[in-house]
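Visitor: Could you walk me through this model and tell me how each label is earned?
Guide: Gladly; have a look at it first.

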Amino acid sequence: MIILYHNNNKLVQVVRNGENLDFPQFSMATALVRLAENYPQDWLIWCSEEVASYLNCDNLEKIFHHYKIMASYTMAKQFYIPAAIGYVEESPFIKVNKQVSYPTWLMSADAGGIHASVVLKMGRLIPNGADFEYFLNSMAKLGMIAGLFCYSEPRLLTTINQERNTKITAGFFTLFRFVRQHYKKRWLLLLFLNLMLFEKRFPVAPFCYALFFKSRKKSH
């Protein structure tokens, strides 16, 4: 088992089986893919330094009991993908009960884990850029279609009641890009119209920006 500790998504320490691992200071997404390539049989656990003291290492083997599980947890009120995603998707997967283990593709960089073999399969579909939160949410969204079991898992942390106020959520540019890459193209227009009608917002630039991206579902 490998644990990647990060600070604002910048890799600061890698621990494998209780010993520090000398590893280049890649971005978190790149580090996750490189470690999966080097240790394809390992579980890869990520944890923000902000919640490192709460990481429940004793529960990890119970949580990740088979290879097709991806789980994460955040103590923040909001996930990285903002609530406006509800204008696009009305499934129960985005109405997360954070007090229990709950199926959802909404992932967090605060604490979580995935098996290296899954990263290797999904890595070819998802460019491992600088935005680790986007990378995780994209992997979960595409992975659920392919049979990956994704959860919000409070057992990852020893406490879930100390609320974080520093969580950064995606802006409209990122939200529209996510919708373009993971949903049918018509949902871009519906998202734009819903924001205009219900929130009196006119995100013309994010809408146009998203049109330059290709769907990731087509390459799945």
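Guide: What follows is a set of questions about labels, each answered by setting a value against its definition.

Visitor: What should I know before reading the values?
Guide: This is a predicted model, so local features need pLDDT of at least 70 and side-chain atom pairs count only at pLDDT 80 or more, while totals for chains, interfaces and linings use all residues. Residues are numbered from 1 along each chain as its sequence is written, and side-chain values use heavy atoms, with hydrogens and water left out.

Visitor: What makes S1 and S2 paired strands?
Guide: Strands (E, at least two residues) and helices (H or I, at least four) are DSSP runs numbered from the N terminus, and two strands pair if DSSP finds at least two bridges between them. S1 and S2 run antiparallel and are joined by six bridges, so they pass that test. One facing pair is Asn7 and Lys10 in S2. S2 and S3 also pair in the antiparallel sense, over two bridges, with Val15 having Asn20 in S3 as its bridge partner.

Visitor: Which strands make up the sheet, and in what order?
Guide: Eight strands form an open sheet, in the order S3-S2-S1-S4-S7-S5-S8-S6, with mixed pairing. Strand S3 (19-20) and strand S6 (102-103) are at the edges because each has a single partner strand, which leaves one side of each without a neighbour in the sheet. For a parallel example, take strand S5 (residues 69-73) and strand S8 (residues 149-152), joined by four bridges; there Met70 stands opposite Cys150 in S8.

Visitor: What makes the phi of Asn8 worth pointing out?
Guide: Most residues other than glycine have a negative phi. Asn8 is not a glycine, yet its phi is positive, about 55°. Asn8 sits in the loop between strand S1 (2-7) and strand S2 (10-16), a hairpin with two residues between the strands. The hairpin of S2 and S3 also has two residues between its strands, and Asn17 in that turn has a positive phi of about 50°. Lys200, in the loop between H6 and helix H7 (204-210), has a positive phi near 55°.

Visitor: Why is Asn8 called exposed?
Guide: Buried means under 20% relative accessible area, exposed means over 50%, and partly exposed is in between (1.4 Å probe, protein chains only). Asn8 has 66%, so it is exposed. Lys200, at 62%, counts as exposed too.

Visitor: How do you know whether Leu32 is buried or exposed?
Guide: Its relative accessible area is 0%, so Leu32 is buried. Leu32 lies in helix H1 (residues 28-38). Leaving aside neighbours within four places in sequence, its contacts include Leu4, Trp46, Ile114 and Phe135, where contact means heavy atoms within 4.5 Å. Ser48 in strand S4 is buried as well, at 7%; beyond residues up to four places away in sequence, Ser48 touches His6, Ala109 and Asp110.

Visitor: What makes Glu89 and Lys141 a salt bridge?
Guide: The label needs a side-chain nitrogen of Lys or Arg within 4 Å of a carboxyl oxygen of Asp or Glu. For Glu89 and Lys141 the N to O distance is 2.8 Å, so the pair qualifies. Glu89 is in the loop between S5 and S6 and Lys141 is in helix H4, so the pair ties together parts 52 residues apart in sequence. Glu89 is buried at 8%, and Lys141 is buried at 13%.

Visitor: How many salt bridges are there in the whole structure?
Guide: A search finds four. Among them is Glu153 with Arg155, their closest N and O atoms being 3.1 Å apart. Glu153 is buried at 3%, whereas Arg155 is partly exposed at 38%. Another is Arg201 with Glu199, at 3.2 Å; Arg201 has 42%, so it counts as partly exposed, and Glu199 is partly exposed at 32%.

Visitor: Which residues of helix H5 are buried, and what do they pack against?
Guide: In helix H5 (residues 172-182), the buried residues include Leu175, Phe176, Phe178 and Val179. The buried residues of H5 pack against H4, H6 and H7.
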